[in-house]
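User: Could you teach me how to read strand pairing, cores and contacts in a model? I would like the general idea each time, and then the case at hand.

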Amino acid sequence: WKKLDAVNVLPVGLNISDSDSMGIGGLVVRNGIIADVDSVIEKATVNVAGNIAVTANGTQQLTASADATAKSSGGSMTGTGTSLAVGGSIVTNTVEGGAEAHVLTSDLTTTNHGNVSVSATNSGTIEATNATAITSGSQAIGVTMAFNTVGHESQNVLFNTLNALIKTNLGDAPGANATAFIRDTPVSSAGDVTVT
């Protein structure tokens, strides 16, 4: 025999009380890469029977994933009670970097058809996934914001949001360039001289 009272008079899993429930979840993530590459000949005398090459190649790659979940399951079999799920994610991904190759205040000489080349390249990529799942038996509110910038210094969330909403032009990005130069340097080359 089993005593029946207010706790066990109904079968398990059936609920007649209001059973309000609330699930809240949030995620704020910031990922960033800052990388500079320099290749330099400075205050040097270089005399070779071949090629002189000053090369700087910069590559920045950011792969990021963010998943936010909020879930609420409340209420009763009579339909009363409140079930509310609120959640969201704010993700900022930034890639900054530059490459510089230069010859400064030096003396370069090549023989035997030797070439002189000074070159710099730079690239940056972001591959980002931002997912938000909000589940509720009644009301669900979700917000997802993602700010991805390549070559620009990231701002705070407020300024990032304003930039996204009014589509402002961020302009030239300091530190996101590839620069190559020869300055204050006599060059005597038996072959080609290239600055790229």
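**Reading the strands and the core**

Analyst: Let us start with one pair: I52 stands opposite V116 in strand 6. This is a predicted model, in which local features need pLDDT of at least 70 and side-chain atom pairs count only at pLDDT 80 or more, while totals for chains, interfaces and linings use all residues. Residues are numbered from 1 along each chain as its sequence is written, and side-chain values use heavy atoms, with hydrogens and water left out.

User: Which helices and strands does the chain have, and how are they defined?

Analyst: Helices (H or I, at least four residues) and strands (E, at least two) are DSSP runs, numbered from the N terminus. Here the chain has 1 helix and 10 strands. Along the sequence they follow the pattern β-β-β-β-β-β-β-α-β-β-β.

User: How do I read the pairing of strand 3 with strand 6?

Analyst: Strands of a sheet pair through backbone hydrogen bonds, either parallel or antiparallel. Two strands count as paired if DSSP finds at least two bridges between them. In this model, strand 3 and strand 6 run parallel and are joined by 21 bridges. Strand 6 also pairs with strand 10 in the parallel sense, over 3 bridges. Two residues of strand 6 show this: V116 stands opposite V193 in strand 10, and V118 has V195 as its bridge partner there.

User: What is the strand order of that sheet?

Analyst: The order is 3-6-10, in an open sheet of 3 strands with parallel pairing. Strand 3 and strand 10 (193-195) are the edge strands, each pairing on one side only. Neighbouring strands are turned by 15° against each other on average, direction ignored; the axes behind that angle are lines fitted to C-alpha atoms (for helices over the stretch in contact), and angles run from 0 to 180 degrees between N-to-C directions.

User: Which strands form the open sheet that includes strand 5?

Analyst: That sheet has 3 strands in the order 2-5-9, again with parallel pairing. Its edge strands are strand 2 (45-48) and strand 9 (187-188). Strand 2 is joined to strand 5 by 4 bridges, and T45 stands opposite D107 in strand 5.

User: Which residues make up the largest nonpolar core?

Analyst: In soluble globular proteins, nonpolar side chains tend to be buried together. A nonpolar core is a set of buried Ala, Val, Leu, Ile, Met, Phe, Trp, Tyr and Cys residues joined through side-chain atoms within 4.5 Å. Buried means under 20% relative accessible area, exposed over 50%, and partly exposed in between (1.4 Å probe, protein chains only). The largest core has 12 residues, among them I41, I52, A99, V116 and A120. Strand 3 (52-72), strand 4 (83-104) and strand 6 (116-136) each give two or more residues to this core. Across the whole chain, 28% of the 196 residues count as buried.

User: Is S106 buried or exposed, and what is it in contact with?

Analyst: S106 is buried, because its relative accessible area is 5%. It lies in the loop between strand 4 and strand 5 (107-110). Contact means heavy atoms within 4.5 Å; leaving aside neighbours within four places in sequence, S106 is in contact with I41, E42, K43, A44, D184, T185 and P186. The C-alpha atoms of S106 and P186 are 7.2 Å apart, although the two residues are 80 apart in sequence.
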